[in-house]
Amino acid sequence: MKYIYSLALLSCLVFWSSCRNDFESSPNTGNLSFSQDTVYLDTVFTNIGSSTRNIKVYNRSDDDIIIPTIRLEKGESSEYRLNVDGLPGKSFENIQILAKDSIFVFIETTINIDDFPNPTFDFLYEDKILFDTGGNQQDVDLVTLVQDAIFLFPQRFDDGTIETLNLGQDPNDPENDILIEGFILEDSELTFTNEKPYVIYGYAAVANGKTINFQPGSRVHFHENSGILVAAQATLKSLGLPSSDPELLENQIIFEGDRLEPSFSEIPGQWGALWLTGGSTNHEFEYTTIKNSSVGILMDGLDGTQSLSLKNVQIYNNSNYGLLARNSFVRGENVVINNSGQSSLACSFGGDYEFNHSTFTNYWTNGFRVFPTVQIDNFIQTGETTFEVNPMSAIFNNCIIYGNERREFNIFENTDEAFVFSFNNCLLKFEDVSGDFEEDENYNFEGPFYQGTVLNADPMFFNTSLNDFNIETGTSGADGIGDILISNQVPFDINGSSRSSLPDAGAYESVTFPED
C-alpha cells in the first residue's frame, strides 16, 4: 500500500507540474538592469591578463525571462572573454533569469598591443556586451587601458626548461647548486629610461663589474618571484630627481609589482627583492620608491666596506624586510620605511651604518609580527654554541623609530667584537611595561647612547595606513627635537621643504594638517 500511495503521489506531482504555466519563461522585453553600465578593467600591460571583473544582470519582473542572445559587439575577434552564469565564451543564446533574480557575467582580457595599427604607448581598448537584439537590445560598456612595456625574461629552451642563475653550492645539500629562474642582462639592457615601463620575469642579473643605471622617471615592474640581482664588483645606480607633481611623481624611480589594478597597489610580497650580493658595491638610490616586495633591498656585505647610499628613498609594504643589510656600509638620509612582515630595517651581522633624518616605522596589519621595526645585531649562530661575530657601528641622528607594537627596536650584542651604537635626538618607541630591560645598559635611556632622545611620545603621523608619515606642527612628539648640526647636513626634508632652526626628527619637517 505504501508503494502504491507513493506512486500515486508522484503521478499527481508530475501531472500538476505539467499543467502549470508559471515554469514557462517569457521573452525579454528590454527591461534588464545592471549592477554597473560600464566596466573598467583597470590598466594592464600588453600580453598580461587582467583581473576578472563582474557585473550582475537583474530581472526585476515577476516573470521568468529568456534573453535570446548575450554577445560581445566585436564578436569572436574581441579581446575580452566572458563567463555567463558559469558558461565561458563570447556569445550565448537563450539565457534564463528567474523572476526577481539575477545572473553573474564575468569579464577578463589579455591584449597584445602589437595587434593594433599604429598604437601609442598607451591606448584604450573598448567593446560592449550586447543583451538581446533589435528594440530590446541593452548594452554594458567595457573599457581597458593597455600600456606598452619592455619585457625582460629568461630564455625558455626547446625541452621546456627555463634559463637559470647559479647561486653556488647549497650548504644544506653540497651535491647540488642553488638555481633560480633568471638571466644576465646584456650591456644594451643596463640603462633603464622613462620612455616605457619595464616588466621583469625572473631575476635580472647585473654581471660582475657592470653597472645598471635607472634614469629619472623609470618605472620597473616585477612579476611574482622576480627581482634584480647585482653580482660581485657590480653596481646599481637608481638616481631619480625631485618631482613637481606629487601625484604623477614624474622624476621618481619606482620599483613595484606588475599588477596595475588598484586592489594590488598596496599588497606586500608581490615580487622578490633588489638583491645586492656580497662583493657588489657603490650602490646609490635617490628619489626612489620601492614597494610591495618580499624584501625591498637585500644588501649582502663581505667585510663591512661594500657601500650603499640612500637619499630620499621610500620603501613600503614588504612581506619580510624593508632593508636587510648584512655586514655592510650604509649611509641614509630622508629614508622612510614602513609596513614590513618582519623588520622595516635590519642591520645584521655587523657593519657600519648611519642614518640621518629618517623615519622607520612598522604598522603591519596583515598578520602577527614578532620582530621590531629596527633590529641591530653583530653575529650569526653557526652551531649549537658557536657564533660568527663582526664589529658593529650603528648611528641614528634625528630619526623616528615607531610602530604598532610595544617595543620597536632591539639590540643584540656579542661582545667578542666592538659594538657601537647611539640614538641622538631621536623619537623612539620602547615600552618596557614589565621591566625586563631595566638592568640592560643598552636600554638605559638616560645614558650616553640616547642623547636628546624622546621616548614613547606620539609622532602624530598623518595617515599610517596610506604610508603618509608627515607630522603635525605643535602636536607631534618629533616636533623640534632634532639637532641643528645634523639638519644643516640635510637641509631639506623628503618633501623638499627647508628645515627650520628648530628641526624635527624624521624625514618630514612638521606641517599644519588640514582641518577635517
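Are Phe437 and Tyr443 buried or exposed? In this predicted model, both Phe437 and Tyr443 are buried, and they offer a way into the aromatic side chains of the structure, which holds 32 aromatic pairs.

A pair of aromatic rings is described by the distance of the centres and the angle of the planes. A good case to begin with is the pair formed by Phe421 and Phe449, whose centres are 4.6 Å apart and whose planes make an angle of 45°, an arrangement that counts as tilted. Phe421 belongs to strand β36, which covers residues 419-424, while Phe449 lies in the loop between β37 (427-428) and β38 (454-455), so the pair ties together parts that are 28 residues apart in sequence. The two partners can also be described by their accessibility: Phe421 is buried, with a relative accessible area of 4%, whereas Phe449 is partly exposed, with a relative accessible area of 26%. For Phe437 and Tyr443, the residues of the opening question, the ring centres are 4.9 Å apart and the planes stand at 65°, and because an angle over 60 degrees counts as edge-to-face, the pair of Phe437 and Tyr443 is given that name.

Aromatic rings also meet charged groups here. The charged end of Arg60 sits over the ring of Tyr58, at 4.3 Å from the ring centre, and in another place the charged end of Arg331 sits over the ring of Phe329, at 4.1 Å from the ring centre.

The next step is to look at the backbone. Most residues other than glycine have a negative phi. Asn312, however, is not a glycine and has a positive phi of about 55°; this residue is found in strand β26, which runs over residues 307-318, and it is buried, with a relative accessible area of 10%. His357, also not a glycine, has a positive phi of about 45°, but its place is in the loop between β28 (345-356) and β29 (359-362), where His357 is buried with a relative accessible area of 0%.

Finally, the reader may turn to the largest pocket, which has a volume of about 1500 Å³. Of the 48 residues that line this pocket, the closest to its centre are Pro246, Glu247, Leu248, Leu249 and Ile254. Strand β26 appears again here, since the elements that give two or more residues to the lining are β19 (219-222), β22 (253-257), β24 (283-291), β26 and β40 (468-471). By character, the lining residues divide into 15 nonpolar, 19 polar and 14 charged.

Key:
Residues are numbered from 1 along each chain as its sequence is written. This is a predicted model: local features need pLDDT of at least 70, side-chain atom pairs count only at pLDDT 80 or more; totals for chains, interfaces and linings use all residues. Side-chain values use heavy atoms; hydrogens and water are left out. Rings of Phe, Tyr and Trp (its six-membered ring) pair if their centres lie within 6.5 Å; planes under 30 degrees apart count as stacked, over 60 as edge-to-face and the rest as tilted. Helices (H or I, at least four residues) and strands (E, at least two) are DSSP runs, numbered from the N terminus. Buried means under 20% relative accessible area, exposed over 50%, partly exposed in between (1.4 Å probe, protein chains only). A charge sits over a ring if NZ of Lys or CZ of Arg is within 6 Å of the ring centre and within 35 degrees of the ring normal. On a 1 Å grid over the protein atoms alone, a cavity is a set of points where a 1.4 Å probe fits but cannot get out, and a pocket is an open set with protein on both sides within 12 Å along at least five of seven lines; lining residues have an atom within 4 Å of a point. Grid points are joined across faces, edges and corners, and a volume is the space filled by probe spheres set on the points. Ala, Val, Leu, Ile, Met, Phe, Trp, Tyr, Cys and Pro count as nonpolar, Asp, Glu, Lys and Arg as charged, and the others, Gly among them, as polar.
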